[in-house]
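Student: Could you take me through one part of this model closely, beginning with how its helices pack and then moving on to its strands?

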Amino acid sequence: TGAIGLYNVGQSCCLNSLLQVFLMNIRFTGLLRRITVPPCDGQKRRSVPYQMLLLLEEMQCGKQKAVSPIALASCLSMYRVKLFVQHDAAQLFLTLWNLIKRQMKKPELVEELSDLYTICIQEHLACQKCFSETKRNSSMLTLPLPLLDSNFHMLKTLEECLQYFFCPEELTDHNMCFCEQCGRKTPFLQSMKLVHLPQTLIIHLKRFCFEKSAYIHKLSHYLPFPQDLDFSAVLTENQCQAADSEKASWKYEIFAVVAHSGSTNCGHYCAYIRSLTECKWYCFNDSEVCQVSWDDVKCTFGHSNLHW
């Protein structure tokens, strides 16, 4: 019946934007449709995946321009996800994802959900005195890319942000680590290497910085990102720890952008999402939904007065 909006039920623009991104992802909704339905009403009201499924069904079956997510919002409030407060989109995404994963009862669905979103990296720490090295594999759900380098200079493209994120960092002075081989604190070289990328990759642009007064300042400068991104073409061999067969799948098409306007204290979220079935872009601004072009999506590249 077309793209459906979500009514704002109390500063819920951040939640609404994230829900639209989840529910427009046909790989995610394919998992959602296979969940085990809770047996009793109380468990249904407390189940985040089930409430998301009900909302999806209402959005797909209804004929109105927007539906209310109040039942899901009430469910989330049981897990300390509050209404009437300003949320950070990246933090709220992690909260929602973890609730969904914890409440999906089927092990195969949990595994598929992890495959859909989980990034794997290998962390390296090398002593610069004896050159002993430790390695540790870890995972993350978003790539949190800085927009400033160590000298607080603005990075100019998404590709630059990616290259900087995976650049080795020297740990010296008060950042030195204890080396067991040397028996004392020594300078270390810290680096991360990319091991695996998921089907749906979440990139978090860290549009904030902490000033000396502990005031959080929003970075609204222009930062373009491409419609297509090949990680194996952006990162060097030293920044990857993967076989060529793995790297061959590191090609992405942009699917959605969750954008924020305003300051760190007060603002508004909306989502630009490309329908995977129609290949058309839509702007989801709470209850208002309209078809847009890629040129419209470019407004999220950033500037001081962002208008949709």
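**Helix packing and strand pairing**

Tutor: In this predicted model, helix α4 (residues 48-61) packs with helix α6 (residues 89-103) at an angle of about 105°, their axes lying 8 Å apart. Because angles of 65 to 115 degrees count as roughly perpendicular, α4 is roughly perpendicular to α6. On the α4 side the contact is made by V48, P49 and M52, which meet L99, I100 and Q103 in α6; by class, the residues of this contact of α4 with α6 divide into five nonpolar, one polar and no charged.

Turning to the strands, an open sheet of four strands follows the order β4-β3-β9-β6, and its pairing is antiparallel. The edges are held by β4 (133-140) and β6 (169-171), each of which has a single partner strand, so one side of each is left without a neighbour in the sheet. Neighbouring strands of this sheet are turned by 30° against each other on average, with direction ignored. At the β6 edge, three bridges join β6 to strand β9 (residues 188-196), the two running antiparallel, and E169 stands opposite Q190 in β9.

A further antiparallel pair is formed by strand β15 (residues 256-262) and strand β16 (residues 267-274), which seven bridges join. These two strands, β15 and β16, form a hairpin with four residues between them, and within the pairing V257 has Y272 in β16 as its bridge partner. As a general point for reading such strands, side chains in a regular strand alternate between the two faces of the sheet.

How values were computed: Residues are numbered from 1 along each chain as its sequence is written. This is a predicted model: local features need pLDDT of at least 70, side-chain atom pairs count only at pLDDT 80 or more; totals for chains, interfaces and linings use all residues. Side-chain values use heavy atoms; hydrogens and water are left out. Two strands pair if DSSP finds at least two bridges between them. Axes are lines fitted to C-alpha atoms, for helices over the stretch in contact, and angles run from 0 to 180 degrees between N-to-C directions. Angles under 35 degrees count as roughly parallel, over 145 as roughly antiparallel, 65 to 115 as roughly perpendicular and the rest as oblique. Contact means heavy atoms within 4.5 Å. Ala, Val, Leu, Ile, Met, Phe, Trp, Tyr, Cys and Pro count as nonpolar, Asp, Glu, Lys and Arg as charged, and the others, Gly among them, as polar.
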